Amino acid sequence: MEKQVKSKCIKNLKIQGSPVIIVAAVGESEAVANACKENGIVVSAICDNIQAKSLEPFCGYEVIHTPTLPEKFPKARFIIASQHIQDCVEQLTSLGYDEFYSPLELLENYDVEKYTHQMSNLYLQARITVCKKSHKAYLGDDQKIYMRSIDLMITTKCSLKCESCSNLMQYFEKPKNYEFQSILDSLNIINANVDEIAEFRLIGGEPLMNTGWDQIVIDISDKFPDREIFIYTNGTIAPKDNKLEPLRGRKVNFIISEYGHLSRNLAKLKLQLDKHSLNYVSEAAEHWIDCSRVKHHKRAPSELVEVFKQCCVKYLYTLLDGKLYRCPFIANAAALNAIPDNPYNYVDLLSETKDVEQKIKNLVKVAKFFPGCDFCDGRPYDGGTSKT
């Protein structure tokens, strides 16, 4: 089947025609914009689904809220820098556009060391690696199973306990850590039944509250040395040298969400990461969406399809207690027994003995929504305002 996104872009975009717009305002877009300049491609703007991002330029370009694009650019050509390629195509097609390009050709020989970027060059290189894998998977064999990332829930303990946490941590009365052997056993099963996984993401809760977090990282890195590992933390914990030193030279990246004074060890954490030459990016926690309620909405199937279609986390495959889910909300709601147990919500990796590959394929490629979606308020790409 012919893809809507063209794999080659340089020759076509150098030709004078409709304005060229990069999708979306993410770190990879800076590399794409630089590569465009190198190849004589004139970029007119960047578009993004989060309206707050349109309040100021990104990498020197105007950012336009995607739903308003037709008002300024009735016709346009798009370079999709986002890793959620199909979502971008569907939205832009609904707005009347039909010319889309992958940045693969632009990024193939991009030298991050040639420029100073808004994020560290090493971190940007990690993001470019994942971006390229996502586009190659999209342009490749439709029958292959590709997962951009898997969220590894290694703890439900958290050092902040935000009252409206989108991962529902505030509801766990007896939070606990998960053992790394169970996590590794589950990952081995997933890896044996999928074609590509670009990255692993350690989350919680606050993952650094699991005292064995470093061993989990090392074991995953040893088992999957070509995969990027991202650790999401809130700046409240600064690991000691013995935890960080063994991570040096591995594909390990920290993503720090800054919560103002609540991130009480932020400065110390950065010093420790710098000391051990570990990649990290640190940004204010923003573009927050309140989706922390668990409520049975009793939606019709057509409504559930639309809720799922608009969801910004429907590709955040989540591994929790040996079960693979499509999103963190359903995973944690199930762990809380806040929604009915329904095998259509997950793949039970440690219990299933037959058709595991087909079950994972159904989860990744076939499902249009899940029973658990009916208990979520919805999490659209631009469903809230910035909040820290």
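**Figure 1. Salt bridges across the whole structure.** A search of the whole structure finds 15 salt bridges. A salt bridge here is a side-chain nitrogen of Lys or Arg within 4 Å of a carboxyl oxygen of Asp or Glu. Side chains of opposite charge can pair when their charged atoms come close. This is a predicted model: local features need pLDDT of at least 70, side-chain atom pairs count only at pLDDT 80 or more, and totals for chains, interfaces and linings use all residues. Residues are numbered from 1 along each chain as its sequence is written, and side-chain values use heavy atoms, with hydrogens and water left out.

**Figure 2. The salt bridge between Arg201 and Asp151.** The closest N and O atoms of this pair are 2.5 Å apart. Arg201 belongs to strand β8 (residues 196-203) and Asp151 to strand β7 (residues 146-153), so the contact ties together parts that are 50 residues apart in sequence. Helices (H or I, at least four residues) and strands (E, at least two) are DSSP runs, numbered from the N terminus. Arg201 is buried, at 11% relative accessibility. Asp151 is buried too, at 2%. Buried means under 20% relative accessible area, exposed over 50%, and partly exposed in between (1.4 Å probe, protein chains only).

**Figure 3. The salt bridge between Asp226 and Arg227.** The two side chains meet at 3.7 Å, N to O. Asp226 is partly exposed, with a relative accessible area of 41%. Arg227 is buried, at 9% relative accessibility.

**Figure 4. Asp377 paired with Arg293, and a salt-bridge network.** The closest N and O atoms of Asp377 and Arg293 are 2.9 Å apart. Asp377 lies in the segment after α13 (356-366), while Arg293 sits in the loop between β11 (279-284) and α11 (301-310), so the pair ties together parts that are 84 residues apart in sequence. Asp377 is partly exposed at 27% relative accessibility. Arg293 is also partly exposed, at 44%. Arg127, Arg148 and Glu199 form one network through salt bridges that share partners.

**Figure 5. An open sheet of six strands.** The strand order is β1-β6-β5-β2-β3-β4, and the pairing is parallel. β1 (5-6) and β4 (63-65) stand at the edges with a single partner strand each, so one side of each has no neighbour in the sheet. Two strands count as paired if DSSP finds at least two bridges between them. Strands of a sheet pair through backbone hydrogen bonds, either parallel or antiparallel. Two bridges join β1 to β6 (residues 100-101), and these strands run parallel. Val5 stands opposite Phe100 in β6.

**Figure 6. Helix α2 across three strands.** Helix α2 (residues 27-38) lies across β2 (20-23), β3 (43-48) and β5 (77-80). The helix runs at about 155° to β2. Axes are lines fitted to C-alpha atoms, for helices over the stretch in contact, and angles run from 0 to 180 degrees between N-to-C directions. Contact means heavy atoms within 4.5 Å.

**Figure 7. Ser186 in helix α7.** Helix α7 covers residues 180-193. Ser186 is buried, with a relative accessible area of 0%. Not counting residues up to four places away in sequence, Ser186 touches Leu319, Gly322, Leu349 and Leu350.

**Figure 8. Gln91 in helix α4.** Helix α4 covers residues 85-94. Gln91 is partly exposed, at 23% relative accessibility. Leaving aside neighbours within four places in sequence, Gln91 is in contact with Asn49, Thr66 and Pro67. Gln91 and Thr66 are 25 residues apart in sequence, and their C-alpha atoms are 8.7 Å apart in space.
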